[in-house]
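Visitor: I've got a model open on my screen and I'd like to learn how to read it. Could you walk me through it, feature by feature?

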Amino acid sequence: MSSLADQLAEFKVIPVIEINVLSSAAPLADALMKNGLPVAEVTFRSDIAAEALAAMKAAQPELLVGAGTVLTTEQVDKAVAAGADFIVSPGFNPKIVQYCQQQSVAMIPGVNSPSQIEQVMELGITTVKFFPAEATGGVKFLKAILAPYRNIRVMPTGGINAVNILDYLALPAVFACGGSWMVDKNLLDAGDFDTLGKLIADARAVVEKA
């Protein structure tokens with residue numbers, strides 16, 4: 001069976017989505033599938049995140065959907081119950097990582113320093129999120145801190161856009177990037193799925209150049 005990193009590497013860009021209007025969840029799932037990007041990270045910044053994730057999976061069962069911004073074990077439980085295929089956290093919390101490992105739930109913790117990379121390695125984790133990517137130092141910083149860690153695979157997120165994503169994907173350790181520009185929250189709240197569909201298709205076309 002392919003690892004989570006291998007599965008996400010097929011898409012190269014992972015839409016990071018905040019859903020505040022539940023009725024938008026199913027049409028968004030349809031738009032992602034229709035426009036060649038059948039993957040999503042639904043952030044738990046929204047009060048209806050779990051319901052939205054469940055609605056997306058119900059509409060498109062083949063969609064690979066993760067739960068993002070997961071900060072507590074209770075959120076892990078809610079995400080898994082909603083059908084999440086994987087968990088993503090903004091930082092490294094050993095309690096959350098170990099809880100997911102105990103539940104056999106695939107998880108990508110966030111790091112942005114050598115010390116955090118070594119801490120996740122102690123728990124057997126080799127797939128991490130680099131967050132916030134641009135604010136932390138971008139491609140140059142990421143390349144520097146990864147030099148000693150040849151087995152680490154990275155998903156940069158935070159400040160990634162259509163202009164800089166190829167620079168990140170050019171790094172051998174980067175298997176995919178998280179981005180939100182193709183799932184703009186204002187368009188999503190407004191239900192403008194025609195424009196969102198075009199943005200999703202364009203994002204897919206951009207990363208195919210990597």
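Visitor: Let's start with the open sheet. What is the order of its strands, and is the pairing parallel or antiparallel?

Guide: As a general idea, strands in a sheet pair through backbone hydrogen bonds, and they do so either parallel or antiparallel. In this predicted model, the open sheet has 6 strands, running β5-β4-β3-β2-β1-β9, with parallel pairing.

Visitor: Which strands stand at the edges?

Guide: Those are β5 (107-108) and β9 (177-179). Each has a single partner strand, so one side of each is left without a neighbour in the sheet.

Visitor: Can you show me one pairing in detail? How many bridges join β3 to β4?

Guide: There are 2 bridges between β3 (residues 64-68) and β4 (residues 86-88), and the two strands run parallel. To find one on screen, go to Ala67, whose bridge partner in β4 is Ile87.

Visitor: Now β7. Which way do its side chains point?

Guide: The rule of thumb is that side chains in a regular strand alternate between the two faces of the sheet. In β7 (residues 127-130), Thr127 and Lys129 point one way while Val128 and Phe130 point the other way, and all are buried.

Visitor: Which strands does β7 pair with?

Guide: One is β6 (residues 110-111), joined to β7 by 2 bridges in a parallel arrangement; there Gly110 stands opposite Lys129. Between those strands the chain passes through helix α6 (residues 114-122), and this β-α-β crossover is right-handed. β7 also pairs with β8 (residues 153-156), again in the parallel sense, over 4 bridges. In that pairing Val128 sits opposite Val154.

Visitor: On to pockets. How much space lies in the largest pocket, and which residues are closest to its centre?

Guide: With a pocket, look at the volume, then the lining. Here the largest pocket holds about 300 Å³ of space. It is lined by 20 residues, and the closest to the centre are Val16, Ile17, Thr43, Arg45 and Ser180. The elements giving two or more residues to this lining are β1 (13-17), β2 (39-43) and β9. By class, the lining divides into 7 nonpolar, 8 polar and 5 charged residues.

Visitor: And what lines the second largest pocket?

Guide: That one has about 230 Å³ of space. Its lining has 15 residues, with Leu4, Ala106, Met107, Ile125 and Thr127 nearest the centre. We have met Thr127 already, as one of the buried residues of β7. Helices α1 (4-9) and α5 (94-102) and strand β5 each supply at least two lining residues, and α5 gives the most, with 3. The classes here are 9 nonpolar, 5 polar and 1 charged.

Visitor: What about the loops? Is Ser89 buried or exposed?

Guide: Buried means under 20% relative accessible area. Ser89 has 4% relative accessibility, so Ser89 counts as buried. Ser89 lies in the loop between β4 and α5, and a polar atom of its side chain is 2.7 Å from the backbone oxygen of Gly91.

Visitor: Which backbone angles should I check?

Guide: Start with omega: the peptide bond joining Phe131 and Pro132 is cis, at about -10 degrees. Pro132 is in the loop between β7 and α7 (133-136). Then check phi. Lys12, in the loop between α1 and β1, has a positive phi near 70 degrees without being a glycine. Ser104 is not a glycine either, and its phi is positive at about 55 degrees. You'll find Ser104 in the loop between α5 and β5; with 69% relative accessibility, Ser104 counts as exposed.

How values were computed
Residues are numbered from 1 along each chain as its sequence is written. This is a predicted model: local features need pLDDT of at least 70, side-chain atom pairs count only at pLDDT 80 or more; totals for chains, interfaces and linings use all residues. Side-chain values use heavy atoms; hydrogens and water are left out. Two strands pair if DSSP finds at least two bridges between them. On a 1 Å grid over the protein atoms alone, a cavity is a set of points where a 1.4 Å probe fits but cannot get out, and a pocket is an open set with protein on both sides within 12 Å along at least five of seven lines; lining residues have an atom within 4 Å of a point. Grid points are joined across faces, edges and corners, and a volume is the space filled by probe spheres set on the points. Ala, Val, Leu, Ile, Met, Phe, Trp, Tyr, Cys and Pro count as nonpolar, Asp, Glu, Lys and Arg as charged, and the others, Gly among them, as polar. Buried means under 20% relative accessible area, exposed over 50%, partly exposed in between (1.4 Å probe, protein chains only). A crossover is right-handed if, with the strands pointing away from the viewer, the path from the first strand over the helix to the second runs clockwise. A polar contact is a pair of N or O atoms within 3.5 Å; within protein, one must be able to donate a hydrogen and the other to accept it, and residues adjacent in sequence count only if both atoms are side-chain atoms.
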